[in-house]
Amino acid sequence: MGTIDLKTFIEISLGIASEDFKRMAVSYFGRWDLVQLRCANFMGCTLEERLALILLELSENFGVKDKHGTRRTLPTRHQDLIGMLACP
C-alpha cells in the first residue's frame with residue numbers, strides 16, 4: 001500500500017488532467033447534486049419522462065414566474081434538448 005497525490009489520482013482514475021477536472025468541478029460547484037439527481041432520475045425513464053425532467057429543470061434554473069405560470073428565459077432549440085436527452 002502506498003499514497004499518491006491528488007493530481008496523480010485524478011489523472012489515473014479519470015484519464016484527464018487534474019487542471020481540467022478542477023475547472024469542471026468549479027463550474028458545477030453548488031449544482032453537482034443536480035447533475036447526480038438527473039443521472040439517477042434518468043435510469044429507467046422513458047424518453048418522454050426524461051424530456052419532462054429536463055424541461056422542469058430548465059424552468060427551475062432559468063424560469064420566471066408570471067400570471068400564466070413559469071416561462072423559461074433561456075432560448076432552447078430542439079437540438080439542445082436532444083443533446084440533453086443523450087439521444088443520437
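Helices are DSSP runs of H or I with at least four residues, numbered from the N terminus. By that numbering, E19 is found in helix 2. The model described here is predicted.

The protein contains five helices and two strands. From the N terminus, the order of elements is α-α-α-α-β-β-α. The chain has 88 residues, and buried residues make up 9% of them. The accessible surface of the protein comes to about 7300 Å². Carbon and sulfur atoms account for 62% of that surface. Contacts between residues at least 6 apart in sequence were also examined. Of these, 27% join residues at least 24 apart.

Helix 1 spans residues 6–14. Helix 2 spans residues 18–28. S18 lies in helix 2. The relative accessibility of S18 is 1%. The cut-off for a buried residue is under 20%, so S18 counts as buried. Beyond its neighbours within four places in sequence, S18 is in contact with K7, I10 and E11. K7 and E11 belong to helix 1. The C-alpha atoms of S18 and L6 are separated by 8.1 Å. These two residues are 12 residues apart along the chain.

E19 is also found in helix 2. Its relative accessible area is 41%, so E19 is partly exposed. E19 and K7 are 12 residues apart in sequence. In space, the C-alpha to C-alpha distance between E19 and K7 is 8.3 Å.

The structure holds three salt bridges. One of them joins the side chains of K7 and E11, with an N to O distance of 3.7 Å. The cut-off for a salt bridge is within 4 Å, so a pair at 3.7 Å qualifies. K7 and E11 are four residues apart in helix 1, so about one helical turn separates them. K7 has 41% relative accessibility and therefore counts as partly exposed. E11 has 31% relative accessibility and is likewise classed as partly exposed. Both partners of this salt bridge are thus contacts of S18.

A second salt bridge links the side chains of R71 and D66 at 2.4 Å, N to O. R71 counts as partly exposed at 46% relative accessibility. D66 is partly exposed too, with a relative accessible area of 32%. D66 falls within strand 1, and R71 falls within strand 2.

A further salt bridge connects the side chains of D80 and R77 at 3.1 Å, N to O. Here the partners fall into two exposure classes. D80 counts as partly exposed at 28% relative accessibility. R77 has a relative accessible area of 54%. The cut-off for an exposed residue is over 50%, so R77 is exposed.

Strand 1 covers residues 63–66, and strand 2 covers residues 69–72. The two strands run antiparallel and are joined by four bridges. They form a hairpin, with two residues between them. Within this pairing, K65 stands opposite T70 in strand 2. In a regular strand, side chains alternate between the two faces of the sheet.

A nonpolar patch lies on the surface. The patch is formed by I4, L6, F9 and I12. Together these residues have about 460 Å² of accessible area. I12 is placed in helix 1. At 63% relative accessibility, I12 is over the 50% cut-off and therefore counts as exposed. L6, another member of the patch, is the residue whose C-alpha atom is 8.1 Å from that of S18.

Helix 1 thus contains the salt-bridged pair K7 and E11 as well as the exposed patch residue I12. Buried S18, in helix 2, is in contact with K7, I10 and E11.

Note on methods:
Residues numbered from 1 in each chain as written. Predicted model: local features only at pLDDT ≥ 70, side-chain atom pairs only at ≥ 80, totals over all residues. Heavy atoms only, no water. Buried < 20%, exposed > 50% of the residue type's maximum accessible area, 1.4 Å probe, protein only. Contact = heavy atoms within 4.5 Å. Patch = residues over 30% accessible without salt bridge, like charges linked within 9 Å, V, L, I, M, F, W, Y side chains within 5 Å. Areas by Shrake-Rupley, 256 points an atom, 1.4 Å probe, with all protein chains shown as cover. Pairing = 2+ DSSP bridges.
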